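Please open the model in your viewer and keep the sequence panel beside it, so that each selection below can be followed from one stop to the next.

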Amino acid sequence: MKTVYILFLVFFITPFVNIQAQGLLSEKTEFTRQDTLRGSITPEREWWDLTYYHLDIKVDPENKFISGKNTIQYKVLDQDSVMQIDLQPPMELLKAVQNGQELKIKHDGNAHFISLSDNQNVDEVNELIVHYQGHPREAVKAPWDGGISWKKDKNGNHFIASSCQGLGASVWWPCKDHMYDEVDSMQISVNVPSKLTNVSNGRLRRVDQIGDTKTYTWIVKNPINNYGVNINIGDYVNFSEVYDGMAGNLDLDYYVLSYNLEKAKEQFKQVPMMMEAFEHWFGQYPFYKDSFKLVEVPYLGMEHQSSVTYGNGYQNGYLGNDLSGTGWGLKFDFIIIHEAGHEWFANNITNKDVADMWIHEGFTAYSENLYLDYHFGKQASAEYVIGTRKNIQNDRPLIGYYDVNKEGSSDMYYKGANMLHTLRQLIEDDEKWRKILRKMNVTFYHQTVSSKQIEDFLSQETGIDLTEFFNQYLRTTKVPTLEYTINKKTLKYRWISIVEGFDMPIQVIINDEDMWLFPKADWQTMNLESKQSSIKIDPDFYIYSQKI
């Protein structure tokens with residue numbers, strides 16, 4: 001998320017931070033060995049599969065210091081003796097221990113190669129403990145350029161939170177920092193000063209008083225991606241409710257600063273409304289075992305799994321603004337709806353490579369207008385998503401660079417949403433579209449996927465060959481343009497600015513009559529009833545048109 005100019009208000013579109021910072025959605029096009037070590041499935045990663053983490057740390061707010069250890073359990077897939085663990089400077093990986101023996105570590109920037117002494121036999125589940133400490137990178141403009149936010153609330157209490165999408169979880173804890181391998185379950189133990197509370201993912205197992213500190217232990221029972229793991233530390237109060245959901249009772253827990261309790265009780269009434277809309281469109285919430293939490297933080301917000309973070313000021317819109325310019329964006333709290341939508345797209349269905357991050361952001365941006373569709377109707381949802389087109393730059397393709405931890409254009413949000421809205425029109429059956437979205441969350445339940453898997457699934461389920469449709473919208477910056485002319489009673493039309501083979505049909509209104517056109521790269525013709533015929537393109541299709 002960085003260029004030197006402010007282009008848009010929206011946090012995931014707006015490049016707020018300096019071009020030198022390696023934040024989310026940067027313009028980087030040249031890559032280093034460190035990018036490859038971070039972004040590829042290296043031989044030192046490939047031979048083992050994560051099964052369990054126990055992250056056990058102490059957070060020292062006064063000194064902005066974190067220390068502790070991570071116990072890593074893994075299944076051996078192939079015999080090897082070198083394991084890559086990631087931890088970014090200035091954090092220090094102090095030692096690695098297996099079966100009581102301290103191991104040799106070769107440090108290479110963010111990657112640390114641990115030489116294992118014991119035989120690694122296929123199908124065994126082994127354990128490694130890594131110890132670390134340091135002053136983690138401080139977030140510059142969280143969550144776009146992340147790290148740890150060390151803030152104070154208005155009462156002078158420490159107010160601390162992690163955010164690390166794109167930058168990587170290894171900015172604050174040692175892990176296998178690649179999206180393709182999610183740990184199956186996790187325990188998170190965080191020691192903080194007694195008057196503070198730590199909220200992390202999953203469910204609170206226990207709180208232990210240790211002198212003038214407390215350790216909060218959280219249990220995550222579902223698979224979780226690395227950047228979804230979080231710590232949130234503050235003078236929190238908690239309130240909760242139970243939602244009667246598709247899979248039974250779902251605990252909804254809210255952690256907010258003490259002086260914001262009453263505002264939160266009012267604003268967070270949108271959480272059950274969100275859950276109702278999204279279970280309708282996408283199927284059951286994917287993390288019933290881990291509950292759903294909304295946690296106040298000192299930055300805008302992030303989709304941390306079962307511990308969604310919130311900093312939108314207890315107001316509707318995006319910091320009080322309507323990103324669509326239609327008025328519909330003020331009917332909901334953007335951070336509650338958008339970040340919770342990621343529980344289905346990012347946390348349930350997760351991209352294997354960040355190059356395919358459009359899967360996270362395109363579907364989740366699209367979830368905003370489906371929320372409106374459920375509560376305010378189809379016209380409201382259409383007006384909203386069409387209104388967001390003004391945020392599309394068409395600067396770079398939505399798909400980024402593979403194997404170097406590089407996502408595509410920020411257009412993955414609202415170009416992605418408008419691409420999906422266009423696909424809904426091609427299906428011509430809203431109930432079928434809903435079933436497809438729900439089936440997708442079942443088919444890829446708790447999985448990491450590639451763009452190709454999603455594209456192939458949608459082609460199969462819609463019964464439409466969408467190969468060139470996705471090539472057009474995901475892999476180029478070209479917007480399909482309908483070029484047409486009317487001469488007497490003849491309409492001539494064709495597609496321009498398209499990839500080879502693109503032939504998407506579109507709906508138009510000719511003389512107040514709805515009909516389909518089937519443009520191709522070559523000129524097509526249609527006889528009209530009148531010399532004064534007019535043509536209007538259905539705005540639900542994300543295309544351009546040009547009369548010649």
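The helices and strands named on this tour are DSSP runs, of at least four residues for a helix and at least two for a strand, and they are numbered from the N terminus. The model you are looking at is a predicted one.

**Two cis peptide bonds**

Begin by selecting Pro143, which is placed in the loop between strand 8 and strand 9. The peptide bond that joins Ala142 to Pro143 is cis, with omega at about 0 degrees. Then go back along the chain to Pro90, in the loop between strand 3 (82–86) and strand 4, where the bond from Pro89 to Pro90 is also cis and has an omega near 10 degrees. As background to both stops, most peptide bonds are trans, and most residues other than glycine have a negative phi.

**Strand 4 and its partners**

From Pro90, move on to strand 4 (residues 92–98) and show strand 8 (residues 125–134) with it; the two pair in the antiparallel sense over five bridges. If you pick Lys95, you will find His131 of strand 8 standing opposite. Strand 4 is also joined by two bridges to strand 5 (residues 101–102), and these two strands run antiparallel. Gln98 has Gln101 of strand 5 as its bridge partner. The hairpin of strand 4 and strand 5 has two residues between the strands, and in this hairpin Asn99 takes a positive phi near 50 degrees.

**The four-strand sheet**

Next, select the open sheet whose four strands follow the order 9-10-15-12, with antiparallel pairing. Its edges are strand 9 (147–152) and strand 12 (197–199), each of which pairs on one side only. From one strand to the next, the twist averages 15 degrees. Inside this sheet, look at strand 10 (residues 158–163) and strand 15 (residues 232–234), which pair antiparallel over two bridges, and pick out Ala161, whose bridge partner in strand 15 is Asn232.

**The five-strand sheet**

Now turn to another open sheet, in which five strands are arranged in the order 16-17-18-20-19 and the pairing is mixed. Strand 16 (236–245) and strand 19 (301–302) are the edge strands, each pairing on one side only. Colour strand 17 (residues 248–257) and strand 18 (residues 292–296), which pair in the parallel sense over four bridges; Asp253 has Lys293 of strand 18 as its bridge partner. Then add helix 5 (residues 334–341), which lies across strand 18, strand 19 and strand 20 (308–310) and runs at about 160 degrees to strand 20. In the loop between strand 20 and helix 5 you can select Leu319, which has a positive phi of about 50 degrees although it is not a glycine.

**An aromatic pair**

Across the whole structure, a search finds 38 aromatic pairs. One of them is formed by Phe239 and Phe268, which are stacked, with 6.4 Å from centre to centre and 20 degrees between the planes. This pair links distant parts of the chain, since Phe239 belongs to strand 16 while Phe268 sits in the loop between helix 3 (261–267) and helix 4, 29 residues apart.

**Two crossing helices**

Continue to helix 4 (residues 270–282) and show helix 6 (residues 358–376) beside it: how do their axes cross, and within what distance do they come? The axes come within 9 Å and cross at roughly 100 degrees. Angles of 65 to 115 degrees count as roughly perpendicular, so helix 4 is roughly perpendicular to helix 6. To see the contact itself, select residues including Met273, Phe278 and Trp281 of helix 4, together with residues including Leu370, Tyr371 and Tyr374 of helix 6. The residues of this contact divide into nine nonpolar, four polar and two charged.

**A last stop at Asn405**

Finish at Asn405, in the loop between helix 7 (378–387) and helix 8 (414–427). Which backbone oxygen does the side chain of Asn405 reach? The backbone oxygen is that of Gly166, reached at 3.1 Å. Leaving aside neighbours within four places in sequence, the residues in contact with Asn405 are Asp35, Arg38, Gly39, Gly166 and Val354.

Note on methods. Residues numbered from 1 in each chain as written. Predicted model: local features only at pLDDT ≥ 70, side-chain atom pairs only at ≥ 80, totals over all residues. Heavy atoms only, no water. Polar contact = N/O pair within 3.5 Å; in protein donor to acceptor, adjacent residues only side chain to side chain. Contact = heavy atoms within 4.5 Å. Pairing = 2+ DSSP bridges. Axes fitted to C-alpha atoms, helices over the stretch in contact; angles between N-to-C directions. Parallel < 35°, antiparallel > 145°, perpendicular 65-115°, else oblique. Nonpolar A, V, L, I, M, F, W, Y, C, P; charged D, E, K, R; others polar. Phe/Tyr/Trp six-rings, centres within 6.5 Å; stacked < 30°, edge-to-face > 60°.
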